[in-house]
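Me: Please take one part of this protein and look at it closely with me, naming the pieces as you go. After that, I would like to understand how the rest of the chain is arranged around it.

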Amino acid sequence: MHLWTDLSQVPPGFGPTVVTIGNFDGVHRGHAQVLGRIVELARARDARAVAVTFHPHPSAVHRPAEAPELITGIADRMELLAGTGLDAVLLVEYTLGFARQTPEEFVRTYLVDGLRVGTVVVGHDVRFGRDNAGTLATMLELGERYGFEVVAIDDVGQHLGVPVTEGDAADAHHDARWSSTGVRALLAAGDVREAARILGRHHRVRGAVVHGDARGRALGYPTANLGDITGMVPADGVYAGWLSRPQLAAADPTHADVRLPAAISIGTNPTFDGHERRVEAYVLDRTDLDLYDEEVVLELVDRLRPTLRFDGVEPLVAQMRDDVARAREVLSAAPA
């Protein structure tokens, strides 16, 4: 899949294209279903399937205090979009200047001249351009003027400009089961198992391994502490999950340590009067790993328990042993 961050990167002659527009945060099952239909449509028309998406989220520009916490970081969003079969993604920097374009300016610049669009796929409630002035009727009119087809489908809800809603493509208001808003609520509650049902995969966070207090190593459970985390961090607690190593996978996909079972702790370490919220993972039965400065991905399969405060080290270590045993049991039963 091609990834472009500027129209100047689109190769001359690329197209014609079938284009859809949205934020696609989480790239959940609803997104994947719609994008799969975009790809099918493109293949039927001997065209290229392209998604136009944005960073940062429009709400972060227009209403920073109300901006939703993003389910996925850029790297994971692009990886997941690539998995839908798209030929290309245009990742547009969303700014106030960009939002000031009229509907026609946006369509002409980005879709007609930039992507040589043949078909635009939008929802019936589409809004785009300055002050969300563009509607489905506007897009149909512009399609006639510039010679592209417009396909309207029920389960694409997107808003380009000042968002009326969150602006997530395929977040159908009538199908809350597959919505980014629903996923965020579940993650905030720590229900990663139910979130996975909507996402179609385990929720993931990504970060570089940094030095911590080395307290876990002293207790016999050395942990990888994550810094510079992308992806929504769910509620505090202990989780069963997987630690994946993208750099190792790129160098040797068959290496046994590419994906490892882990017990993952999220919280402030109240037993030791901690105040900084941390995400750390203990790879089951491994004390030999040196992951410092390596980027890792944590996939959260199930929440084992909330964060607790213990009266001393001994009851904490006893609970950690139980957590590891339960994590092993959950992971042995869960689909990979």
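**A barrel, strand by strand**

Reply: A good place to begin is strand E11 (residues 237-244), which is joined by 7 bridges to strand E14 (residues 295-305), the two running antiparallel. Before going further, please keep in mind that this is a predicted model. Within this pairing, one position to find is Ser244, which stands opposite Val297 in E14. Ser244 also has a partner in strand E12, where its bridge partner is Arg259. The pairing of E11 with E12 (residues 259-267) is antiparallel as well, and it extends over 8 bridges.

From E12 we can step onward to strand E13 (residues 278-283), since these two strands are paired in the antiparallel sense over 6 bridges. If you want a residue to follow here, take Ala262, whose bridge partner in E13 is Val283. As general background, strands of a sheet pair through backbone hydrogen bonds, and the pairing can be either parallel or antiparallel.

What do these pairings add up to? Together with E9 and E10, these strands close into a barrel of 6 strands, and its order is E9-E10-E13-E12-E11-E14, with antiparallel pairing. Going from one strand to the next, the twist averages 45 degrees.

One residue of this barrel deserves a longer stop, namely Arg206, which lies in strand E9 (residues 203-210). Is Arg206 buried or exposed? Its relative accessibility is 8%, and because a residue counts as buried when that value is under 20%, Arg206 belongs with the buried residues. The side chain of Arg206 also makes a polar contact of 2.8 Å with the side chain of Asp76. Apart from neighbours within four places in sequence, the residues in contact with Arg206 include Ala75, Asp76 and Glu79, and also Leu226, Asp228, Pro246 and Glu295. Val297 is in that list too, and you have already met Val297 as the residue opposite Ser244.

Now let us leave the barrel and turn to the other sheet. This is an open sheet of 6 strands, paired in the parallel sense, and the order of the strands is E1-E4-E3-E2-E5-E7. Strand E1 (2-4) and E7 stand at its edges, and each has a single partner strand, so one side of each is left without a neighbour in the sheet. The twist in this open sheet averages 25 degrees from one strand to the next.

Inside this sheet, strand E2 (residues 17-21) pairs with strand E3 (residues 48-55) in the parallel sense over 5 bridges, and the bridge partner of Thr20 in E3 is Ala51. Helix H1 (residues 29-44) lies across E2, E3, E5 and E7, and it runs at about 145 degrees to E3. Helix H3 (residues 74-82) packs on the sheet as well, touching E1, E3 and strand E4 (88-93), and its direction makes about 165 degrees with that of E3.

In a regular strand, the side chains alternate between the two faces of the sheet. For E2, both faces are covered, with Thr17, Val19 and Ile21 buried on one side and Val18 and Thr20 buried on the other.

A helix that can be read in a similar way is H6 (residues 136-146), whose buried residues are Leu136, Met139, Leu142 and Gly143. Seen down the axis of H6, these residues fall within an arc of 120 degrees, so they line one face of the helix. Ala137 and Glu144, on the other side of H6, are exposed. The buried residues pack against helix H5 (103-114) and against strands E5 (117-123), E6 (127-128) and E7 (149-153). At the N-terminal end, H6 is capped by Thr135, which has a side-chain oxygen 3.3 Å from the backbone nitrogen of Ala137. Just after the helix comes Gly147, with a positive phi of about 80 degrees.

Finally, it helps to step back to the whole protein, which has 11 helices and 14 strands. Its radius of gyration is 22 Å, close to the 20 Å that the globule rule gives for 336 residues, so the protein is as compact as a globular protein of that length. Along the principal axes, its C-alpha atoms fill a box of roughly 75 × 40 × 35 Å. Of the 336 residues, 53% count as buried. Among contacts between residues at least 6 apart in sequence, 74% join residues at least 24 apart.

Key. Residues numbered from 1 in each chain as written. Predicted model: local features only at pLDDT ≥ 70, side-chain atom pairs only at ≥ 80, totals over all residues. Heavy atoms only, no water. Pairing = 2+ DSSP bridges. Helix = DSSP H or I, 4+ residues; strand = E, 2+ residues; numbered from the N terminus. Axes fitted to C-alpha atoms, helices over the stretch in contact; angles between N-to-C directions. Buried < 20%, exposed > 50% of the residue type's maximum accessible area, 1.4 Å probe, protein only. Polar contact = N/O pair within 3.5 Å; in protein donor to acceptor, adjacent residues only side chain to side chain. Contact = heavy atoms within 4.5 Å. Arc of directions from axis to C-beta. Rg over C-alpha atoms; globule rule 2.2 N^0.38 Å.
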